[in-house]
Amino acid sequence: MENLRFEKNKLYILDQTLLPNEEKWVEIENEKHAYDAIKTLMVRGAPAIGIFAGYVTALFSKGKDIYKLKEYLDSARPTAVNLSWATKRIVHAFESGGNLIDEAKAIHNEDIEMCRKISEYGLSLLKDGDGILTHCNAGELATSKYGTGLGPLILGKEKGYKFHVYSDETRPLLQGARLTSYELEKAGIDVTLICDNMASYVMKEGLINAVLVGCDRVAANGDTANKIGTSGVAILAKHYGIPFYVLGPYSTVDFGCKTGNDIEIELRDGEEIKKMFYKKPTALEETKCLNPAFDVTDNSLITAIITDKGIAKPPFEKSLKELLK
Ligand code: MRU
């Protein structure tokens, strides 16, 4: 399932805010349009944001200050490392006199390759018929192809595996309901939507063999920043003795962050909680809302971090470095 097209020097994205009710492709006109597309989640999911920002920096930096453009785009969403990682690659290409569009295409193609490898490593840990719980959307809509958290399921489907997936709806922006269930239905994978507060129920009922989630930044000690609510799912998984797997490209590991405490968490407009997707606000105008977009999952709750370079197991401080060897 495609979420981005680069054709005849024009950049188009599938507007993910309209899914699953409408499939609308939008041409990106300029850098402000691109910034708003990232901020409002028209394009979202850490790797997809990186790929998009790579093309945007390459396309709209002509005759402008590329460093300012990078800073501007990076500020749209601070938590996922992929955004600043991709814009940095385009800036490096600029500094070395390379072709910026070619570099953006390289980021895009490499992501397909990385997701394929993550999916293969992830699939090696699963069995045909497994029940899987996932949170948010870490599939093809969030990446280039296959996905990270959903990658093993999509690859497994190609190989004839039958999984039973439970998708947390993922309040407040409903990526699990709007995107994961849509994407898995389209892929022909059995999916059941649950509210976030039902995760304990499905685990207790014995319906879940593994939890698979994507990630936005991995600290050197293996703490990971994931979609808000993920750490609660990890605590439940530990309680019920269910493996909890975090999947992402190795470039998501940020050795500049020693622990999860060093990861900046994006705070979004609290009004989203009361007003997004509802005909009428669900609380009084004066009621305050706190709306962090991500939370940090403590490394003690993670069974393995699955990257394109291999599978890291605790102690992560050591295993994450060893994957580079
Ligand atoms: O806020 P979003 O929708 O961009 O958040 C997406 C996630 O949290 C994903 O799990 C994460 O980016 C990994 S994407 C493969």
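**Notebook: aromatic pairs and overall fold**

I looked for aromatic pairs first and counted five, taking rings of Phe, Tyr and Trp (its six-membered ring) as paired if their centres lie within 6.5 Å, with planes under 30 degrees apart called stacked, over 60 edge-to-face and the rest tilted. I note that this is a predicted model, in which local features need pLDDT of at least 70 and side-chain atom pairs count only at pLDDT 80 or more, while totals for chains, interfaces and linings use all residues. Residues are numbered from 1 along each chain as its sequence is written, and side-chain values use heavy atoms, with hydrogens and water left out.

I then took up phenylalanine 6 and tyrosine 55, whose ring centres are 4.8 Å apart with planes at 20°, so I entered the pair as stacked. Phenylalanine 6 belongs to strand β1 (residues 4-7) and tyrosine 55 to helix α2 (residues 46-60), so the pair ties together parts 49 residues apart in sequence; helices (H or I, at least four residues) and strands (E, at least two) are DSSP runs, numbered from the N terminus. Both phenylalanine 6 and tyrosine 55 are buried, where buried means under 20% relative accessible area, exposed over 50% and partly exposed in between (1.4 Å probe, protein chains only).

I also looked up tyrosine 161 and phenylalanine 163, with ring centres 5.6 Å apart and planes at 20°, so this pair is stacked. Tyrosine 161 is partly exposed at 27% relative accessibility, whereas phenylalanine 163 is buried at 3%.

For the whole chain, I recorded eleven helices and 14 strands, and buried residues make up 56% of the 325 residues.
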